[in-house]
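Reader: Hello! I am new to this structure and would love a close look at the place where the two chains meet, with some of what surrounds it. Could you walk me through it?

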Amino acid sequence: MHPVRKKRMTIIAVILTVFAAATGLVMYALSQNINLFYSPTQIAAGEAPQNVTIRAGGMVVDNSVERKKDSLDVAFMVTDYQHTVRIEYSGILPDLFREGQGIVAQGKLDGRGVLIASEVLAKHDEEYMPPEVTDALEKAKAQ
Amino acid sequence: MNWTWFHKLGSPKWFYQWASNWGGRCVYLGLMLLVIGIVWGLAFAPADYQQGNSFRIIYIHVPVAVLAQSCYLGMGIAGFVALVWQMKLAPVFIKSVAPVGAVMAFIALVSGAIWGKPTWGTWWVWDARLTSVLVLFLLYMGVIAIQNALDDQVFADKAVAVVSLVGVINLPIIKYSVEWWNTLHQPATFKLTEKPSMPMEMWLPLLFSALGLYLFAAGLAMWRMQSEVLKRERKANWVKKEVMSHGV
């Protein structure tokens with residue numbers, strides 16, 4: 001290769017490496033803030049601050065949803081299969097909210113370690129299926 | 001390895017003639033595939049068991065989002081070629097593709113927001129995936145702005161090449177954001193190495209619309225590059241001849 005081009009290539013490689021390293025370090029330093037939510041394990045370990053708005057995410061535990069009959073108050077447990085966190089919320093839940101579904105709730109931790117949520121968002125995974133397939137799967141499971 | 005094709009790309013005249021042959025074909029074939037894929041996806045593919053019909057926006061969202069990243073990768077490579085080999089066509093490529101990619105990134109953001117409202121319950125969250133795609137869109141805007149703000153074409157080309165090249169660092173961040181951090185956005189639907197995470201009758205229309213959009217964008221890029229080449233080579237004899245032959 002022509003020596004001039006080789007020199008240019010080296011310069012570019014050095015610039016790119018430096019930029020990539022700088023970005024990587026910034027990302028690493030900010031990783032706690034880049035994470036959208038705390039997992040129940042992190043909350044149980046005391047990593048999440050109290051009385052500050054945070055997000056908590058995990059799977060809604062089966063049979064844990066309690067609804068009040070006369071208001072929109074709802075409480076449920078969220079788990080990452082190691083620890084669970086109780087979440088209390090008053091408002092309309094997204095369509096995809098159900099037991100076994102991943103959710104992200106925004107709110108404040110109170111002294112009891114319960115998250116008083118002001119917003120609940122539903123997460124979904126990248127597995128898409130026609131309803132007939134899930135019906136068939138359910139039936140197979142039941143048998 | 002035979003490098004003739006690479007050296008040929010250095011000749012705007014050769015490229016112009018090659019693109020005259022292929023530009024239109026790509027655009028029309030691409031449009032056809034795109035229409036098939038989208039109609040198939042929106043009207044005939046089965047609905048999702050969980051999200052129902054709102055999942056169908058995937059047939060627009062995913063192809064557009066993937067293409068937005070591919071366009072930027074192409075610009076980054078062209079930026080590298082422009083800086084090292086100073087090939088005439090490389091800056092032409094960046095200038096022509098940037099607006100296409102910007103539109104794709106914009107549609108990806110908007111269609112994602114429209115999808116997010118019914119399924120997640122919000123138009124927007126500052127999670128790593130959404131934010132890094134917003135950064136991609138802003139990088140496109142930066143490239144376009146620099147290209148138009150600098151009067152000296154040679155200098156503008158160089159500046160834009162540097163931005164394109166450095167901005168490529170954002171691409172792995174977009175790709176792996178859903179794996180490195182907790183995000184609201186789900187992991188990728190298109191996986192190169194594993195089998196797709198949806199059954200064939202859902203996946204095929206997605207493949208059609210993605211391929212169609214790629215071809216369409218490639219043809220569009222060729223057309224845009226052709227007119228940019230004519231503008232830049234306006235003093236060359238072959239351009240004069242070409243224009244004259246069309247009776248101008």
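Author: Happy to; we start at the interface and then move outward into each chain.

Please keep in mind that this is a predicted model. On one side of the interface, 37 residues of chain A are in contact with 43 residues of chain B. Together the two chains bury about 3500 Å² between them, and carbon and sulfur atoms give 64% of that area. Within chain A, the residues that lose the most area to chain B are His124(A), Glu126(A) and Tyr128(A), which together make up 21% of what that side buries.

What kinds of polar pairing cross this interface? The rule finds 0 salt bridges between chain A and chain B, but it does find 11 residue pairs in polar contact, both residues being at pLDDT 80 or more. On the chain A side, the elements that give two or more residues to the surface touching chain B are helix H1 (3-34), strand E6 (115-122) and helix H3 (131-142). Of these, H1(A) gives the most, with 11 residues.

Helix H1 of chain A appears again if you look at helix H7 of chain B, which spans residues 170-180. Buried in that helix are Asn170(B), Leu171(B), Ile173(B), Ile174(B), Ser177(B) and Val178(B). What covers them? The cover includes H1 of chain A, along with helix H3 (58-84), helix H5 (128-149) and H6 of chain B.

Let us pause at one residue of that helix, Val178(B). Val178(B) has a relative accessible area of 12%, so it counts as buried. Leaving out residues up to four places away in sequence, Val178(B) touches Arg129(B), Thr183(B), His185(B), Gln186(B) and Pro187(B). Measuring from C-alpha to C-alpha, Val178(B) is 20 Å from Phe106(B), and the two are 72 residues apart in sequence.

Phe106(B) brings us to a patch on the surface. Val103(B), Phe106(B), Ile107(B), Val110(B), Ile114(B) and Trp123(B) make a nonpolar surface patch of about 550 Å². One of these, Ile114(B), sits in helix H4 of chain B, residues 89-119. With a relative accessibility of 46%, Ile114(B) counts as partly exposed.

Now back to chain A, for a residue that also reaches across to its partner chain. Gln101(A) lies in the loop between strand E4 (84-90) and strand E5 (102-109) of chain A. Is Gln101(A) buried or exposed? Its relative accessible area is 5%, and because under 20% counts as buried, Gln101(A) is buried. The side chain of Gln101(A) comes to 2.4 Å from the backbone oxygen of Lys123(A). Neighbours within four places in sequence aside, the contacts of Gln101(A) are Gly58(A), Met59(A), Val60(A), Leu96(A), Lys123(A), His124(A) and, in chain B, Gln50(B). His124(A) is a name you have met already, as one of the residues of chain A that lose the most area to chain B.

Although the rule finds 0 salt bridges across the interface, the whole structure has 9 of them over all chains. In chain B, Asp157(B) and Arg232(B) form one through their side chains, at 2.9 Å from N to O. This pair joins distant parts of the chain, with Asp157(B) in helix H6 (residues 153-167), Arg232(B) in helix H8 (residues 200-232), and their positions 75 residues apart. Asp157(B) is buried at 12% relative accessible area, while Arg232(B) is partly exposed at 25%.

Arg232(B) has another partner in Glu228(B), with the closest N and O atoms 2.8 Å apart. The two are 4 residues apart in helix H8 of chain B, so about one helical turn separates them. Glu228(B) is buried, with a relative accessible area of 8%.

Chain A has a salt-bridge network as well: Glu66(A), Arg86(A), Glu88(A), Asp110(A) and Arg112(A) are joined by salt bridges that share partners. Within this network, the side chains of Arg112(A) and Asp110(A) meet at 2.9 Å, N to O. Arg112(A) is exposed, at 59% relative accessible area, whereas Asp110(A) is buried, at 17%.

Notes:
Residues numbered from 1 in each chain as written. Chains lettered and ligands numbered in written order. Predicted model: local features only at pLDDT ≥ 70, side-chain atom pairs only at ≥ 80, totals over all residues. Heavy atoms only, no water. Salt bridge = Lys/Arg side-chain N within 4 Å of Asp/Glu carboxyl O. Buried < 20%, exposed > 50% of the residue type's maximum accessible area, 1.4 Å probe, protein only. Patch = residues over 30% accessible without salt bridge, like charges linked within 9 Å, V, L, I, M, F, W, Y side chains within 5 Å. Areas by Shrake-Rupley, 256 points an atom, 1.4 Å probe, with all protein chains shown as cover. Contact = heavy atoms within 4.5 Å. Buried area = accessible area lost by both parts, 1.4 Å probe. Polar contact = N/O pair within 3.5 Å; in protein donor to acceptor, adjacent residues only side chain to side chain.
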